[in-house]
Amino acid sequence: MRRPLVLDVDGTFLRTDLLLECFWAGLHRAPLATLSASLRHLRDRAVLKRALADIATPRLDLMPLNPDIAARALEAREAGREVVLASASDRTLVAGLAAQYGFSADSLASDGQTNLKGAVKAQALVAAHGARGFDYAGDSAADRPVWEVAEHALIVGHRPRIARALRDQGHDVQEIPGGWHLRDLVRALRPHQWVKNVLLFLPMLAAHDFALNTLLLVLAGIAAFSAAASCIYIVNDLLDLEADRLHPTKCNRPFACGAVPIGVGMFTALVLAGFALGGGLLLGPTFLAVIVLYMTLSLAYSLRLKRMRWVDIATLAALYTLRVVAGAAASGVAASFLMLVFVFPVFLTLGCVKRMTELALAQNNHRLPGRGYARSDRGDLLNVAGLGTVGALLIFFSYSFSPQAQALYPAQWLLWVAMIPIAVWLIRMVRLGYRGAQDYDPIVFALHDKAGLSLILVTLGLMMQGAGLWTRWLGL
């Protein structure tokens, strides 16, 4: 009789961790119950795993597989060998995973009382199959006691010292590539999204304050806001694991596809949060309050608000507006109330554009995963985008009569002319979004859209001429 092939689950057969999958699935569906269970059972892993699995069971059919181990399991099964899962994850999940892939029903796992890990797992496998009566694939140092009682050791990842020690003990050892790459973690930070934080320059530009000290303060604010944004992007991705795995392109995100372990993401998010709050503290209490509000609202958006129709779009607009407020707080420049009010309907429009783009590119008429919209809502989104466009233009027109505008822009009529390219740009963004002819993120798309950038530059040129800046700088 051929030896069974025994597979560890977390980090070996799967490129993820089922305990952490349950934790984030629980935060997504029942955050208070999940946090309560985690705090109560933190020291008893077996109980914790059972409690979290009871709160929210993730979709096992969507779990990312380690392709090398999955291929070996398939070959072993086709060759008539028994394939057994042995994991420290909860039994309900491991049994479901074994049934999902046609493995042996005699899987071994934690049962709510005993945490099947390390030496405990080794003893259970020896009792079931005998010493050296099975081959074992694992990935962590905790698997060493199991490899020592197995015949053939398959080591996933870079464990040279363990591999050498096992060979010295007479074991047949095979090392299989594993682990993660820093470039994938950087991808999870979405550094291309940091470009949105150029909005922090808006108060400085609107007030025509080009002092070096102001510039440095704004750059420091941008660094803190970029760290805060990346922290929230990671949290959002971890909360959205199931929805991302069902999405045609988001399924390739680092945590959804298993390219980066969930635990690495959690640690990185904590470091980024510390950097953001530390930077906020250095830039003063007002900026710190803004960045705390931004992170809190972003977290609320990730947990709940993004699944609420219309509330999600308003929240997105508020988050963009907070960037402008943060620029004023970091630099100490007084921001016009009308300028802030103008920014909100602009981003309300772009929020509608984002949803229209997603619906236009959707492959069916069902509601978007994790969102409250279906294709039947495109007309309503178009109407709200139109209202946002009109509202932004009216507020900009009102701003041209404000005391600040009167002082900064002697040629008031050029502000009115600047409304034309603003209107054309907004209408163009809405039209492209409705047709699905742009990126899922309208801000990122706008910063790479040559025609749109030309309209923005024309607007800025007209406003600078209205302020007399060209004449002043050129010495005319």
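**Backbone oddities and buried cores**

**Exercise 1.** In this predicted model, is Arg-132 buried, partly exposed or exposed?

*Solution.* Start with the number: Arg-132 has a relative accessibility of 32%. Buried needs under 20% and exposed needs over 50%, so Arg-132 lands in the partly exposed class. Next, place it on the chain: Arg-132 sits in the loop that runs between helix 6 (119-129) and strand 4 (135-138). Finally, check the backbone: phi of Arg-132 is near 60°, a positive value even though the residue isn't a glycine.

**Exercise 2.** Now run the same routine on His-208: which loop holds it, and is it buried or exposed?

*Solution.* Location first: His-208 belongs to the loop between helix 10 (202-206) and helix 11. Then the backbone: phi is positive here, about 60°, and His-208 is no glycine either. Last, the accessibility: His-208 comes in at 16%, and because the cut-off for buried is under 20%, it counts as buried.

**Exercise 3.** Which residues touch the most other members of the largest nonpolar core, and which helix gives that core its largest share?

*Solution.* This core has 72 residues, and the top spots for contacts with other members go to Leu-7 and Phe-287. Helix 11 (residues 212-239) supplies the largest share, with 14 residues. Zoom in on Leu-7: leaving out residues up to four places away in sequence, its contacts include Phe-13, Ile-69, Val-83, Phe-103 and Tyr-136. Don't stop there, though: another core, of 45 residues, lies apart from this one, with Phe-347, Ala-392, Ile-395 and Ala-446 among its members.

Definitions and conventions. Residues numbered from 1 in each chain as written. Predicted model: local features only at pLDDT ≥ 70, side-chain atom pairs only at ≥ 80, totals over all residues. Heavy atoms only, no water. Core = buried A, V, L, I, M, F, W, Y, C linked by side-chain atoms within 4.5 Å. Buried < 20%, exposed > 50% of the residue type's maximum accessible area, 1.4 Å probe, protein only. Helix = DSSP H or I, 4+ residues; strand = E, 2+ residues; numbered from the N terminus. Contact = heavy atoms within 4.5 Å.
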